[in-house]
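Please examine the sequence and the structure shown below. The paragraphs that follow lead from the surroundings of the ligand to one of the helices.

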Amino acid sequence: MDKLIINGGTPLHGQIQASGAKNAVLPIMAATLLAEGIFHIHNVPDLRDVKTMAYLLRIIGAKVDYEHNTLTIDTSNCSFFEAPYELVKTMRASIYVLGPLLARFGEAKVSLPGGCAIGARPVDLHLKGLSKLGACVVLEKGYIQASANQMAGCTINLDVPSVGATGNLLMAAVLTTGETTISNAAREPDVVALAEFLVKMGARIEGIGTAVLKIKGAAKLNAVDFEIVPDRIEAGTFMIAAAITGGEVEITKCNPRHVDSLTAKLREAGVLVEEGKESITCKSTRQRPLPVNITTSEYPGFPTDLQAQWMALMCLAGGSSIITDTIFFDRFTHTAELRRLGAKIELNENTAFVGGVESLNGAPVMSTDLRASACLVLAGLAARGCTEVHRIYHLDRGYERIEAKLKKLGADISRQDGGL
Ligand code: UD1
């Protein structure tokens, strides 16, 4: 298993380009199943999750090619409507094929995702919504079996604005008869990107980017070309990398509006953030950041996907801060690893109390999930001495060429085969 070797302490300087958003491309790849034809998707990041979704589409019968960050997907010969356990267990986002398969072919069998490294993540809202649209949904032998002759428009009020449920139900609703309203819908840029992709395919959706989506069912959709939006979580991770190493980094080809909540918190911490039209520059102005509390919430609030990275920064703040995750209550496996580097963190349920220390010291640490891995890389970049980050296959799921990008900014980082 590969590991990253980081010799910390170098302030990062320079410019890097944000990649396309993982959380936008995955549902969009699934949405290609809604129409017959050839799609070209541009600005697709080279990630393990993208490869996993491509593999799943191939199992279903699509032809998928990937070259120079462009995916070509031909959905003309789909005939196997199943997402097997072996794939779903490695990537929860496989559940995104449920809505499109049901909408176009009237049947789908998708393994239940089950638990994962960030705790129990249910899919009840996906299933309730599909039942409301008229699908027959049965759980059998660990699989979701769904069928529908013709789904019909209805009103769905989500208990929580789930990103995944909003996406799945949106994809299921675009080919129904009548009108569907999804209220308390997620407003994340990734959901907006999916909705815009569906509109380009011929779907009629009102309220995009708001909590109420109105969908008028269409009889047929068409294959299209589309460009994936920049990854705000990757951009945010590099913004924090600049701050934690005391450097100055410009991130190009990103959307500053998508990281407003992080920008506000970085400014509170004393980091200089300058916004261009499609770029952001982060410059550290103090020896140590000021302590700043965060509470994660749905977009446009502070993203749970940046909570771990923020904690790395706060470990070195000149005072104590409080970090609360309201989206995933048990997303704190990184705290034990940060402590191995010398961080002072106390946990109480979904709240972490972080006492800032003057410095972290390199040590071997282990990744437990994607964003926890990013947090450990950031901490390693700032720590004195050598940090080894093990099990970085998590990182490869969601960060395109992370060590190449960090090296370009001056980091002393390399990948090694870690043996077992
Ligand atoms: C997506 C993102 C993930 C991000 C998360 C929250 C993708 C591929 N993944 O995950 O990176 O951390 O949004 O921004 O886009 N919930 C239910 N029932 C459901 C569905 C969700 O109770 O049926 C709850 C979850 O337990 C969680 C909350 O809703 O507490 C938000 O989860 P959700 O937005 O669905 O996350 P994902 O779509 O899985």
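Which of the 16 residues around the ligand come nearest? In this predicted model, they are Asp124, Ser162, Val163, Asp305 and Ile327. Sorted by class, the shell around the ligand consists of seven nonpolar, five polar and four charged residues.

Some side chains also make polar contacts with the ligand. Ser162 places a polar side-chain atom 2.6 Å from an oxygen atom of the ligand, and a polar side-chain atom of Asp305 likewise lies 2.6 Å from a ligand oxygen atom. For Arg331, an N or O atom in the side chain is 3.5 Å from an oxygen atom of the ligand. The ligand taken alone exposes 740 Å², and the protein buries 82% of that area. Two elements, α5 and α6, give two or more residues to the shell around the ligand. The largest share, three residues, comes from α5.

Helix α5 therefore deserves a closer look, as it comprises residues 124–132 and gives the shell its largest share. Which residues of this helix are buried? They are Leu125, His126, Leu127, Gly129 and Leu130. An α-helix has 3.6 residues a turn, so residues three or four places apart point the same way. The cover over the buried residues of α5 includes the helices α4 (98–105) and α6 (163–173), together with the strands β10 (136–140), β11 (143–147) and β12 (155–157). After α5 comes Gly134, which has a positive phi, near 110 degrees.

Technical notes: Residues are numbered from 1 along each chain as its sequence is written. This is a predicted model: local features need pLDDT of at least 70, side-chain atom pairs count only at pLDDT 80 or more; totals for chains, interfaces and linings use all residues. Side-chain values use heavy atoms; hydrogens and water are left out. Buried means under 20% relative accessible area, exposed over 50%, partly exposed in between (1.4 Å probe, protein chains only). Helices (H or I, at least four residues) and strands (E, at least two) are DSSP runs, numbered from the N terminus. Contact means heavy atoms within 4.5 Å. A residue is near a molecule or strand if one of its heavy atoms lies within 4 Å of it. A polar contact is a pair of N or O atoms within 3.5 Å; within protein, one must be able to donate a hydrogen and the other to accept it, and residues adjacent in sequence count only if both atoms are side-chain atoms. Accessible areas come from the Shrake-Rupley method with a 1.4 Å probe; for residues, only the protein chains shown count as cover. Ala, Val, Leu, Ile, Met, Phe, Trp, Tyr, Cys and Pro count as nonpolar, Asp, Glu, Lys and Arg as charged, and the others, Gly among them, as polar.
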